[in-house]
Amino acid sequence: MNKIKTLINKKQIKKRIKTIAKEIDKDFKDEQIIIICVLKGSFYFVNDIIRKLKNKNILIDFVKIKSYSNTSSTNNIDFQLDTSFNLKNKNIIIIDDILDTGNTLYFLTNHIKKMGPKKIKTCVLLNKQARRKKEINADYVGFEIDNNFVVGYGLDYEEKYRQLQYIAILKK
Ligand code: XMP
């Protein structure tokens, strides 16, 4: 097994999620929101955040994307599952685990914009600004992190470590 070291603990995540949920409630009040959960990594985060919202007018959908940002082709997106809702004139929040190069969220926001939503916001648990390749920032950010590979709370290394209740730095 690889060595892991806690970066953000369970308590810190819980506290930050409460604050983000409050921000979302303030921005949308009781308006309907379609939450788009980017699989697989953000399933924990989405699960915890939606249960903290006061707004009960929430629909949830899933998309599945893989971005191969470490290959020579920086834009290699494998779009495996698209949304099943009609997003025209809807309020959308795309929730992803981490904003790294930006390829995934850049692709997805452009894809959803073409469907004519009313409002589109982005929410990420982690922002790794150092490796950004696309000009994109998230509207709601859990934590800013340095350029380390992280796992846990949905994030994986070779499909492992997703089940950790905290975020850890992985030494490869
Ligand atoms: P991009 O580069 O498209 O990255 O912004 C988004 C996706 O890449 C994965 N990713 C990571 N996964 N630890 C992980 O477990 C990391 O440090 C990391 N950085 C990027 C992740 O799937 C994310 O949705």
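How many helices and strands are there in the protein chain? In this predicted model, the protein chain contains 3 helices and 9 strands, and these elements follow one another along the sequence in the pattern β-α-β-α-β-β-β-α-β-β-β-β. The C-alpha trace spans about 45 × 40 × 25 Å along its principal axes. For 172 residues, a compact globule would be expected to have a radius of gyration near 16 Å, and the value for the protein chain, 16 Å, agrees with that expectation. Of the contacts with a separation of 6 or more, 68% are made by residues 24 or more positions apart.

Buried residues account for 46% of the 172 residues in the protein chain. The area that the protein chain exposes comes to about 9500 Å², of which carbon and sulfur atoms supply 48%. With regard to charge, the protein chain carries 34 positive and 19 negative side chains, and the centres of these two sets are separated by 4 Å.

Three of the strands are arranged in an open sheet with the order β1-β9-β8 and antiparallel pairing. Because β1 (3–8) and β8 (150–151) each have a single partner strand, they stand at the edges of the sheet, and one side of each is left without a neighbour there. Strands of a sheet in general pair through backbone hydrogen bonds, in either a parallel or an antiparallel manner. Between β8 and β9 (residues 167–171) the strands run antiparallel and are joined by 2 bridges, with V151 standing opposite A168 in β9.

Helix α3, which comprises residues 103–113, has as its buried residues N103, T104, L105, L108, T109, H111 and I112. The buried residues of α3 pack against five strands, namely β2 (33–39), β3 (58–68), β4 (76–81), β5 (91–99) and β6 (119–127). One of these strands, β3, includes I58, a residue that counts as buried because its relative accessibility of 18% falls under the 20% limit. Leaving aside neighbours within four places in sequence, I58 is in contact with I33, I35, I50 and L53. The C-alpha atom of I58 is separated by 33 Å from that of D146, a residue 88 positions apart from I58 along the chain.

Several backbone features merit separate description. Most residues other than glycine have a negative phi, and most peptide bonds are trans. In the protein chain, the peptide bond from L39 to K40 is cis, with omega near 0°, and K40 belongs to the loop between β2 and α2 (43–50). A positive phi of about 50° is found at K29, although K29 is not a glycine; this residue is located in the loop between α1 (10–28) and β2. A positive phi, near 75°, likewise occurs at Y161, a residue other than glycine, which lies in the loop between β8 and β9. Are K29 and Y161 buried or exposed? With a relative accessible area of 56%, K29 is exposed, whereas Y161, with a relative accessible area of 6%, is buried.

Key: Residues are numbered from 1 along each chain as its sequence is written. This is a predicted model: local features need pLDDT of at least 70, side-chain atom pairs count only at pLDDT 80 or more; totals for chains, interfaces and linings use all residues. Side-chain values use heavy atoms; hydrogens and water are left out. Helices (H or I, at least four residues) and strands (E, at least two) are DSSP runs, numbered from the N terminus. The radius of gyration is taken over C-alpha atoms; the globule rule is 2.2 Å times the number of residues to the power 0.38. Buried means under 20% relative accessible area, exposed over 50%, partly exposed in between (1.4 Å probe, protein chains only). Contact means heavy atoms within 4.5 Å. Accessible areas come from the Shrake-Rupley method with a 1.4 Å probe; for residues, only the protein chains shown count as cover. Lys and Arg count as positive and Asp and Glu as negative; His and the chain ends are not counted. The place of a charge is taken as NZ of Lys, CZ of Arg, CG of Asp or CD of Glu. Two strands pair if DSSP finds at least two bridges between them.
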